[in-house]
Amino acid sequence: MLTVNNVSKSYGKLSVLKDINIEFKNGVYGLLAPNGAGKTTLIKMLTTLLFPDEGEILYDGIDILAMGDEYRDILGYLPQEFGYYKNYSPRRFLHYLSALKGIERKKSKEKIEELLKLVGLENVGDKKMRKFSGGMIQRVGIAQAMLNNPKILILDEPTAGLDPKERVRFRNLLAELSRERIVILSTHIVSDIESIANEIIMIKEGRILYKDTLKNICNILDGMVYETEIDFDQVSNFRKEYFSLSEKQKDEKMKIRFISEENLDNSWDSVHPSIEDVFLYVYKDEVIKEE
Ligand SMILES: Nc1ncnc2c1ncn2[C@@H]1O[C@H](COP(=O)(O)OP(=O)(O)OP(=O)(O)O)[C@@H](O)[C@H]1O
Ligand SMILES: [Mg+2]
């Protein structure tokens with residue numbers, strides 16, 4: 001078990017994380033927060049690339065900083081900016097990294113073949129990565145993070161730049177990988193987290209706002225999300241009255257999805273809240289809606 005105890009982190013005067021407490025057991029955890037919320041900062045502390053100003057991070061009760069190489073042996077990490085050599089093939093690149101990680105040649109050979117298969121790159125194992133798609137590179141990134149068969153796998157924004165097909169593939173791969181390890185991934189893309197994470201961790205103003213299942217987090221807005229159709233000239237008044245989640249033109253009307261604490265009009269349809277609704281509502285002062 002990985003435990004974050006009362007961790008705080010600042011960059012100079014900028015306090016990014018304040019008194020964070022989290023327990024990670026086996027399964028997939030999604031760190032979901034807007035840009036700049038401190039996801040990478042937390043991840044860098046979990047990977048010992050940054051040190052907490054206050055608090056500690058323990059693995060099975062031992063401070064990860066005191067574990068040193070022993071901790072790195074059980075850690076797999078895909079950084080947000082993953083550096084690779086364009087002129088290398090995945091097979092060559094993975095052999096190179098195994099050597100750097102001090103993995104025995106005989107062991108690594110077998111492992112690399114297994115991983116290339118796992119991430120679906122066995123047919124391009126000897127092709128230069130120069131021509132790879134974002135999704136293929138990201139699979140190389142996951143393979144390199146898995147070289148030491150880590151007990152803790154940490155992926156910083158692994159779904160950025162994936163097309164829908166690659167996303168499905170990634171989801172299935174993660175489900176496979178998470179059976180016997182802790183997987184922690186960060187994203188600011190709401191739709192990615194829905195079917196991937198067992199638990200979602202939302203950070204706001206440097207603190208953990210929620211750590212719960214998707215279902216429980218969505219329940220926060222239970223009975224508060226509605227849809228209705230209104231005339232165009234009513235839209236701006238409606239927005240003043242209610243928090244608008246989405247708006248879609250439909251025939252001569254505007255279909256609007258919004259938040260209200262009460263059902264004030266029987267033409268409103270009560271709908272199930274989605275994680276996207278929660279995200280927009282929770283970060284309403286920080287998130288600029290992307291169309
Ligand atoms: N080395 C640094 N020095 C100073 N400020 C930093 C440094 N690294 C990050 N920050 C600031 O700390 C805050 C949190 O950054 P962080 O990279 O952890 O956010 P994030 O949630 O990973 O964002 P993104 O979604 O853009 O990756 C931001 O305001 C960022 O500008
Ligand atoms: Mg980041």
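Does Thr 40 count as buried, partly exposed or exposed, and at what relative accessibility? Keep that one in mind for the first exercise; note that we're working with a predicted model throughout.

**Exercise 1: the magnesium site**

Work out which protein atoms hold the magnesium ion (ligand 2), where they sit, and how accessible their residues are.

*Solution*
- Start with the donors: OG1 of Thr 40 and OE1 of Gln 80, at 1.9 to 2.3 Å from the ion.
- Next, place them on the chain. Thr 40 belongs to helix 1 (residues 39–46), while Gln 80 is in the loop between strand 6 and helix 4 (90–100). That's 40 residues apart, so the pair ties together distant parts of the chain.
- Now the opening question. Thr 40 has 22% relative accessibility, and because buried means under 20%, it counts as partly exposed.
- Gln 80, at 40%, is partly exposed too, because exposed would need over 50%.

**Exercise 2: the second largest pocket**

Describe the size and lining of the second largest pocket.

*Solution*
- Volume first: about 390 Å³.
- Then count the lining, which comes to 13 residues. Nearest the pocket's centre you'll find Arg 72, Asp 73, Leu 75, Lys 101 and Asn 148.
- Sort the lining by class: 4 nonpolar, 5 polar and 4 charged.
- Finally, look at which elements contribute. Helix 3 (69–73) and strand 6 (75–78) each give at least two residues, and helix 3 is the top contributor with 3.

**Exercise 3: the nonpolar cores**

Find the residues that touch the most other members of the largest nonpolar core, then trace the contacts of Leu 2.

*Solution*
- The largest core has 83 residues, and Leu 2 and Phe 24 touch the most other members.
- Helix 6 (residues 134–145) supplies the largest share of this core, with 6 residues.
- A second core of 9 residues lies apart from it, including Ile 230, Met 254, Ile 256 and Phe 258.
- For Leu 2, skip neighbours within four places in sequence. Its contacts then include Ile 22, Phe 24, Leu 46, Tyr 71, Ile 152 and Ile 184. Glu 23 is on that list as well.
- As background, nonpolar side chains in soluble globular proteins tend to be buried together.

**Exercise 4: Lys 128**

Locate Lys 128, list what it touches, and say how far its C-alpha is from that of Glu 241.

*Solution*
- Lys 128 is in the loop between helix 5 (105–118) and helix 6.
- Ignoring residues up to four places away in sequence, Lys 128 touches Lys 86, Asn 87, Tyr 88 and Ser 89.
- The C-alpha atoms of Lys 128 and Glu 241 are 56 Å apart, with the two positions 113 residues apart along the chain.

How values were computed. Residues are numbered from 1 along each chain as its sequence is written. Chains are lettered from A and ligands numbered from 1 in the order in which they are written. This is a predicted model: local features need pLDDT of at least 70, side-chain atom pairs count only at pLDDT 80 or more; totals for chains, interfaces and linings use all residues. Side-chain values use heavy atoms; hydrogens and water are left out. On a 1 Å grid over the protein atoms alone, a cavity is a set of points where a 1.4 Å probe fits but cannot get out, and a pocket is an open set with protein on both sides within 12 Å along at least five of seven lines; lining residues have an atom within 4 Å of a point. Grid points are joined across faces, edges and corners, and a volume is the space filled by probe spheres set on the points. Helices (H or I, at least four residues) and strands (E, at least two) are DSSP runs, numbered from the N terminus. Ala, Val, Leu, Ile, Met, Phe, Trp, Tyr, Cys and Pro count as nonpolar, Asp, Glu, Lys and Arg as charged, and the others, Gly among them, as polar. Donors are N, O and S atoms within 2.8 Å of the metal (3.2 Å for Na, K and Ca); water is not among the atoms, so sites may look incomplete. Buried means under 20% relative accessible area, exposed over 50%, partly exposed in between (1.4 Å probe, protein chains only). A nonpolar core is a set of buried Ala, Val, Leu, Ile, Met, Phe, Trp, Tyr and Cys residues joined through side-chain atoms within 4.5 Å. Contact means heavy atoms within 4.5 Å.
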